[in-house]
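The following paragraphs lead the reader through one protein structure, from a pairing of charges to the overall fold. Please keep the sequence and the model in view while reading.

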Amino acid sequence: MLRLEQLLYNKDEKMEAFCGYLKVDLRRAFITWKNPITIILIYVALLYNKNMETDIIGWVSSVNQVVLIVIALALASVPYASSYVEDVSHKYKRQMILRGDGNTYIYSRVIVVFLSAFVVFFVAFIIAGITFYFYLGIPDYKADSIEHIKIAKSAYYLLILKGKYLLYFLACTIHLSCLAGIMALMGLLISQLIHNQMAVYGFPIVFIYLQDVFVQRLFGWEKGSTISLNWMGVALLDISNPGQSAFVYYTEILSYFIVLLYGIRYLNQRDWNE
């Protein structure tokens with residue numbers, strides 16, 4: 001009985017510590033001048049991330065075809081992905097862990113880094129979408145952009161078939177915002193090894209490029225590209241991959257999240273033990 005009470009007490013203590021970490025992380029992530037600046041920078045990148053589209057649906061469906069989208073996604077990491085580097089440099093990490101433990105510290109940090117990048121990119125993409133709505137307008141059901149999506153059966157094309165263009169835009173926005181969150185976690189992972197902010201921002205882009213090159217070199221250009229599009233659809237900004245379902249994409253997102261979470265946790269525990 002005493003053992004059970006001790007376990008419940010420890011569990012309550014950990015939950016209290018986790019909530020404390022979460023409050024601090026949320027305040028640091030969202031109450032900062034970095035957010036509006038980053039949103040503006042992402043917005044500008046998205047404005048130039050177009051390929052002669054005739055309407056807003058055409059812009060959204062082909063947004064992954066222009067390289068500036070990678071820059072926009074990487075920028076979403078700026079507000080909080082490098083927070084671990086700041087904690088280490090200011091000796092803040094040790095103080096935080098002494099209030100609870102290393103695992104709750106990392107769990108809170110992973111969740112908030114993902115949310116921060118998600119929200120920043122989501123807001124910037126919505127603002128860019130509103131801009132293109134007034135600039136390009138909504139297509140009719142016979143527009144070329146609509147026909148292209150129907151023929152290619154791109155992700156979320158069923159929403160287009162039902163005429164739910166706003167929901168299609170929202171689905172694509174959430175799709176890319178999740179990817180921004182995953183890229184931010186990649187930066188957080190590398191920050192456990194290299195305490196440098198530029199490495200945090202640059203690693204996700206380098207990773208995307210290198211994995212694509214590696215797979216294509218290993219299997220050849222044609223087969224390698226196909227494997228990359230399906231196996232690494234997350235990394236290749238794959239809104240318009242024919243046949244890729246939302247279930248497959250978000251399964252990939254969840255898999256990346258879990259792998260990155262435990263990778264960050266492992267590296268943090270190793271660093272703490274040393």
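A salt bridge is counted where a side-chain nitrogen of Lys or Arg lies within 4 Å of a carboxyl oxygen of Asp or Glu. Side chains of opposite charge can pair when their charged atoms come close. In this model, which is predicted, the rule gives a count of 1 salt bridge. The partners are Arg109 and Asp25, whose side chains meet at 3.0 Å, N to O. Arg109 belongs to helix α7 (residues 102-136) and Asp25 to helix α1 (residues 2-30), so the pair ties together parts that are 84 residues apart in sequence.

Where do the two partners stand with respect to the surface? A residue counts as buried when its relative accessible area is under 20%. Arg109 has a relative accessible area of 1% and is therefore buried. Asp25, at 1% relative accessibility, counts as buried too.

The fold as a whole may now be considered. The secondary structure of the protein comprises 13 helices and 0 strands, so that, read from the N terminus, every element in the order α-α-α-α-α-α-α-α-α-α-α-α-α is a helix. Of the contacts with a separation of 6 or more, 76% are between residues 24 or more positions apart. Buried residues account for 46% of the 274 residues. The accessible surface comes to about 14,500 Å², and 67% of this area belongs to carbon and sulfur atoms.

Why is helix α4 described as largely enclosed by the rest of the structure? The helix spans residues 68-75, and 6 of its 8 residues are buried, so the remainder of the structure largely encloses it. The buried residues in α4 are Ile69, Val70, Ala72, Leu73, Ala74 and Leu75.

A further example is found in helix α10 (residues 165-191), which contains Thr173. With a relative accessibility of 0%, Thr173 counts as buried. Which residues does Thr173 touch, not counting those up to four places away in sequence? They are Phe122, Phe125 and Ile126.

Finally, the cysteines deserve attention. A disulfide is a covalent bond between the sulfur atoms of two cysteines. The structure holds 0 disulfides. Cys172 counts as buried at 0% relative accessibility, and Cys178 counts as buried at 9%.

How values were computed: Residues are numbered from 1 along each chain as its sequence is written. This is a predicted model: local features need pLDDT of at least 70, side-chain atom pairs count only at pLDDT 80 or more; totals for chains, interfaces and linings use all residues. Side-chain values use heavy atoms; hydrogens and water are left out. Buried means under 20% relative accessible area, exposed over 50%, partly exposed in between (1.4 Å probe, protein chains only). Helices (H or I, at least four residues) and strands (E, at least two) are DSSP runs, numbered from the N terminus. Contact means heavy atoms within 4.5 Å. A disulfide is a pair of cysteine sulfur atoms within 2.5 Å. Accessible areas come from the Shrake-Rupley method with a 1.4 Å probe; for residues, only the protein chains shown count as cover.
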